[in-house]
Amino acid sequence: MTAPVLRMVGVSQQYGAGELAVSALSGIDLEVSPGELVAVMGASGSGKSTLLSIAGGLQTPTSGEVVIDGSHLSTASPNELAALRRRSVGFVFQDYNLVPTLTAMENVTLPLELDGVSRRAVRRAGKDALSLVGLADRGDAYPDDLSGGQQQRVAIARAIIGGRRLILADEPTGALDSVTGELVMRTMRGRIDSGAAGILVTHEARHAAWADRIVYLRDGRIVDETRRDAAESMLAVRA
Ligand code: ADP
Ligand code: MG
């Protein structure tokens, strides 16, 4: 068996203290392997965004352990953690989170630039990533010049650039028309089929249908899990 890209063991998150304390996650155990896409579903407030942000090392849990590609986040220094996030983790958020003063190309290649990758390699990777999302000719455009759908395509290109191993998406299709939503899912699925691991937070069954496994969160706990067999998902989604 291949080692999981992501391993969460007994992860809990509490916000606040005393009587006001909110238990956002309780004892989450979750592994995601290369080639696997896990969808996370659950009501608003069930802990989905917290789970994603802890999985990607944006947030340190109150207790429990997160391991990405063999690196234990709890023992990583701030610098190591930042480098791991840049190299290994791609995030996509509902509201795109692009830097408004950077072009599409600059947004997409930012993680590689920060990592000191050579200018030529950066440029090539940026072109490849923008081509994948059908924006090869919009590299010089600024986010304001792009539609919402185009901005989300830039965001997904940024998430997959440089062979990232863990793609984390928090309701990435929420504000998109269905055609763009499909394109975002297809791009994410493509990267995962070539070896990444992914988590997709979504409310929409038709997008969860792209996943290999769906976990259901309620009040910060995984209360159910379903595995889709390949045939079923082929019929349901890609028909
Ligand atoms: P979801 O993404 O499923 O809507 P969240 O992870 O955003 O759930 O939130 C889970 C719970 O934690 C909610 O009760 C929310 O109000 C609370 N919460 C989330 N972030 C914070 C925070 N920074 N401070 C305090 N409470 C928070
Ligand atoms: Mg959320």
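The largest pocket of this predicted model is lined by 15 residues, and those that lie nearest its centre are Arg 85, Val 89, Phe 91, Pro 111 and Arg 158. The space inside this largest pocket comes to about 330 Å³. When the residues of its lining are sorted by class, nine are nonpolar, two are polar and four are charged. Several elements contribute to this wall, for helix 2 (78–88), strand 6 (89–92), helix 3 (104–114) and helix 5 (148–160) each supply at least two residues of the lining.

The second largest pocket holds about 180 Å³ of space, and its lining is made up of Thr 103, Met 105, Glu 106, Thr 109, Glu 113, Arg 119, Val 122, Arg 123 and Asp 140. Two or more of these residues come from helix 3 and likewise from helix 4 (119–132), and helix 3, with four residues, gives the largest share. Sorted by class, this second lining divides into two nonpolar, two polar and five charged residues.

From the pockets we can turn to the interior of the protein. In soluble globular proteins, nonpolar side chains tend to be buried together. In this model the largest nonpolar core has 38 residues, and Leu 37, Val 108, Val 154 and Met 188 are those with the most contacts inside it. At least two residues of this core are supplied by each of strand 3 (37–41), helix 3, helix 4, helix 5, strand 7 (166–170) and helix 6 (178–193), while helix 5 provides the largest share, six residues. Val 108 can serve as an example of how such a residue is surrounded: if its neighbours within four places in sequence are left aside, Val 108 is in contact with Gly 126, Ala 129, Leu 130, Val 154, Ala 157, Arg 158 and Ile 161. Apart from this largest core lies another one, of 28 residues, which includes Leu 6, Met 8, Leu 73 and Ala 197.

Taken as a whole, the protein chain has eight helices and ten strands. Its radius of gyration is 18 Å, which is close to the 18 Å that the globule rule gives for 239 residues, and the chain is therefore as compact as a globular protein of that length. The C-alpha trace spans about 50 × 45 × 40 Å along its principal axes, and 49% of the 239 residues count as buried. Among the contacts with a separation of 6 or more, 71% are accounted for by residues 24 or more positions apart.

A few single residues complete the tour. Ala 205 lies in helix 7 (residues 205–208), and it counts as exposed because its relative accessibility is 56%, where exposed means over 50%. Between Ala 205 and Asp 144 there are 31 Å in space, C-alpha to C-alpha, and the two are 61 residues apart in sequence.

The backbone deserves a look as well. Most residues other than glycine have a negative phi. Tyr 96, however, has a positive phi of about 70° although it is not a glycine, and Asn 97, also a residue other than glycine, has a positive phi near 55°. Tyr 96 is found in the loop between strand 6 and helix 3, and Asn 97 has its place in the loop between strand 6 and helix 3 too. As for their surroundings, Tyr 96 is buried, with a relative accessible area of 14%, whereas Asn 97, with a relative accessible area of 40%, is partly exposed.

Note on methods. Residues are numbered from 1 along each chain as its sequence is written. Chains are lettered from A and ligands numbered from 1 in the order in which they are written. This is a predicted model: local features need pLDDT of at least 70, side-chain atom pairs count only at pLDDT 80 or more; totals for chains, interfaces and linings use all residues. Side-chain values use heavy atoms; hydrogens and water are left out. On a 1 Å grid over the protein atoms alone, a cavity is a set of points where a 1.4 Å probe fits but cannot get out, and a pocket is an open set with protein on both sides within 12 Å along at least five of seven lines; lining residues have an atom within 4 Å of a point. Grid points are joined across faces, edges and corners, and a volume is the space filled by probe spheres set on the points. Ala, Val, Leu, Ile, Met, Phe, Trp, Tyr, Cys and Pro count as nonpolar, Asp, Glu, Lys and Arg as charged, and the others, Gly among them, as polar. A nonpolar core is a set of buried Ala, Val, Leu, Ile, Met, Phe, Trp, Tyr and Cys residues joined through side-chain atoms within 4.5 Å. Buried means under 20% relative accessible area, exposed over 50%, partly exposed in between (1.4 Å probe, protein chains only). Contact means heavy atoms within 4.5 Å. The radius of gyration is taken over C-alpha atoms; the globule rule is 2.2 Å times the number of residues to the power 0.38.
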